[in-house]
Amino acid sequence: MKKIIRKFKDLKYRYKLTILIIVASLIPVTIISMYMQSGTLKLLRANEENNLKDTLGQAVNTLDNQVEIYGNLINYLSYSQDLRKIIDTEYTSDYEAYLEYTEVADPLFTMPQIYHKEIQKITLYAENIKVEHGNTLAPMSSAEGEFWYPHLESTEKVQWFVKRGTSREIIASRKFFNDEGITAVLTITLDYNRMLEPFSNLSKDNTGGAIFDRQGDTVYSSYSMSEEYRPAQAESEEYIKSHYTYSVDEMKDTGWKFYLYRPTKVMTESANHLIARNFPILGVCALLILLLGYFGSRGMMRRLEHLTENMNQINLGPREVTINSDSMDEVGVLIRTFRRMMKEINKLISEVYESKIELQKTEMRALQAQINPHFLYNSLSIINWKAIEAEEPEISEVTLALSTFYRTSLNRGETMTTMESELNNIRAYLQIQLIMHDDNFKVIEDVDSNTFSYQVPKLMLQPLVENAIEHGLDTSEKEEKNLWITISQDEDTLYLSVRDNGTGMKQEKAEQVATYHSKGYGVRNVNDRIVLLYGEEYGLHVTSSEGEGTCVEFRIPKDTEGM
């Protein structure tokens, strides 16, 4: 032991530091790995159980819906006046009874079988029926010979039974009572395999399923498992609970219990397999710790050399600090102090030069803001005169409209404009759109001219009109396409709306058009500007209906004349 201690003391500091890093890293990594492996195993088991529960729940819900459908059907047929008439009538002749059965009972019982493939037959057993009429009507004595009749309870509720053996069936039956007792029984016979198909499809990949009735008898049983996991005896509730990991659910109407189960060993093996795959990762981590410990300690001893080299580079010209340290020792403090000093020097130098550069950029942007509108108007003016000389009135019309549109849009850089200027802007825009669309839609204005002098935010209507044309009218196949622009007022408020009779949309989607859930920006931008200027109560209100069109309306206060 003394020799080992002596050798450790004689080691270079770099190697001592390497050993310390490796030991300090491996111990927590080992503890964390063991804890995570245990937690992963528990989590995987819990997930498997939850998956069984969720899968079973979905299948039972599906079957429950089917049971409810057929229960409602048998109740509906039971309250049929035509059916009640057949039960209560004493026919004077077989021919009279045959006509009633053919014209009333056959259509009434055949139609549900057309829509529900699971239904094999619907049969009414009654005291006044003397002779069987196909699968539709039969004497009560025939019912007494059926397996389910002795188990019928004294209730008018729908009762469910399962016929076992080679020809398996599911029967739903309902009694009819009068003062003397049972007068009739209505039954629906369902295809066993089709009815239980949502549950039977779950029996795969080492999974089994079983259904038990209220008496504990097996209604259904199936499994798909390797030989070693198969049940050693006929399944029962106790056997499944003691030999498998399972999930259980119950159907209230039928009283059936559904079990979905898997071998516990299969679930454990899959978890162990996943955990085993982590061992190579742990080996790689251990190797990385060895390498990082060695090279990390080596790097720590060279920090002073790097700092000196960095200082020499700064003396030669470059002002970039390339060394960094987050350690709290003396070397780390020295490196950070040096970095802060160089950062302040660079900041002072940058402020002087960058302020001059920004001043030049600002002057250039101001100059462009003055030059570009004039250049645009002059260019449009030249195009207009050229169109007039070439006797192209349509080009001249578009050019003048475009000039009006940009002049009212730019508005000398102002954010507010008059209602009249805003209306002129949208009229110029619509003039261009009508030419582009060969006048395939009509613009209808309902504008109060007394609102023209009020100040409003510019470019409020153009994004709304553009959206109405692009997403409403362009996608509509109607022959008559209309776009309404309405501007009105009351004592304190201006009211504006843009409406189209295009394709429209669901109201849920319409309510998102002006919000951040929308993919577009134009309408949302208008809403944001109005809310920012006047408050949340003045935002856009969008209403729409599929096939009918969309309406976007909003209001702004009239006390904006001074803005």
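1. Start with a cut-off: a residue is buried when its relative accessible area is under 20%, exposed when that value is over 50%, and partly exposed in between. Keep this in mind for D213, whose relative accessible area is 13%. That value is under 20%, so D213 is buried. The structure is a predicted model.

2. D213 has a salt-bridge partner. Its side chain meets that of R164, at 3.2 Å from N to O. D213 lies in the loop between β6 (207–212) and β7, and R164 in the loop between β3 and β4, so the pair ties together parts that are 49 residues apart in sequence. How accessible is R164? Its relative accessibility is 42%, so R164 counts as partly exposed. This bridge therefore joins a buried D213 to a partly exposed R164.

3. The structure holds six salt bridges. Another of them joins the side chains of R174 and E156, with 3.8 Å from N to O. Distant parts of the chain are linked here: R174 is in strand β4 (residues 169–178), while E156 is in the loop between α5 (140–144) and β3. The two are 18 residues apart. R174 has 3% relative accessibility, so it counts as buried. E156 has 35%, so it counts as partly exposed.

4. Look again at R174. Which rings does its charged end sit over? One is the ring of Y79, with the charged end 5.2 Å from the ring centre. Another is the ring of F176, with the charged end 5.9 Å from the centre. So a single buried side chain, that of R174, has a salt bridge to E156 and a charged end over the rings of Y79 and F176.

5. Now compare a third bridge. The side chains of R230 and E227 meet at 3.0 Å, N to O. R230 has a relative accessible area of 38%, which makes it partly exposed. E227 is exposed, at 61%. Neither partner falls under the 20% cut-off for buried.

6. Turn to the aromatic rings. There are 10 aromatic pairs in the structure. One of them is formed by F199 and Y220. The ring centres are 5.8 Å apart, and the planes make an angle of 75°, an edge-to-face arrangement. F199 lies in helix α7 (residues 197–200) and Y220 in strand β7 (residues 218–224), so the pair ties together parts that are 21 residues apart in sequence. Are these two residues buried or exposed? Both F199 and Y220 are buried.

7. F199 and Y220 also belong to a wider group. Ring pairs link them with Y192 and F258 into a cluster. Find these four side chains in the model and trace the links.

8. Finish with the largest pocket. It holds about 670 Å³ of space. How many residues line this pocket? The lining has 25 residues, and Q159, W160, F161, R214 and T254 lie nearest the pocket centre. Helix α2 (13–78) and strand β3 (159–163) each supply at least two lining residues. The largest share, five residues, comes from α2.

9. What is the chemical make-up of the lining of the largest pocket? Nine of its residues are nonpolar, eight are polar and eight are charged.

Terms used: Residues numbered from 1 in each chain as written. Predicted model: local features only at pLDDT ≥ 70, side-chain atom pairs only at ≥ 80, totals over all residues. Heavy atoms only, no water. 1 Å grid on protein atoms, 1.4 Å probe; cavity = no way out; pocket = protein on both sides within 12 Å on 5 of 7 lines; lining within 4 Å. Points joined across faces, edges and corners; volume = space filled by probe spheres on them. Helix = DSSP H or I, 4+ residues; strand = E, 2+ residues; numbered from the N terminus. Nonpolar A, V, L, I, M, F, W, Y, C, P; charged D, E, K, R; others polar. Phe/Tyr/Trp six-rings, centres within 6.5 Å; stacked < 30°, edge-to-face > 60°. Buried < 20%, exposed > 50% of the residue type's maximum accessible area, 1.4 Å probe, protein only. Lys NZ or Arg CZ within 6 Å of the ring centre and 35° of its normal. Salt bridge = Lys/Arg side-chain N within 4 Å of Asp/Glu carboxyl O.
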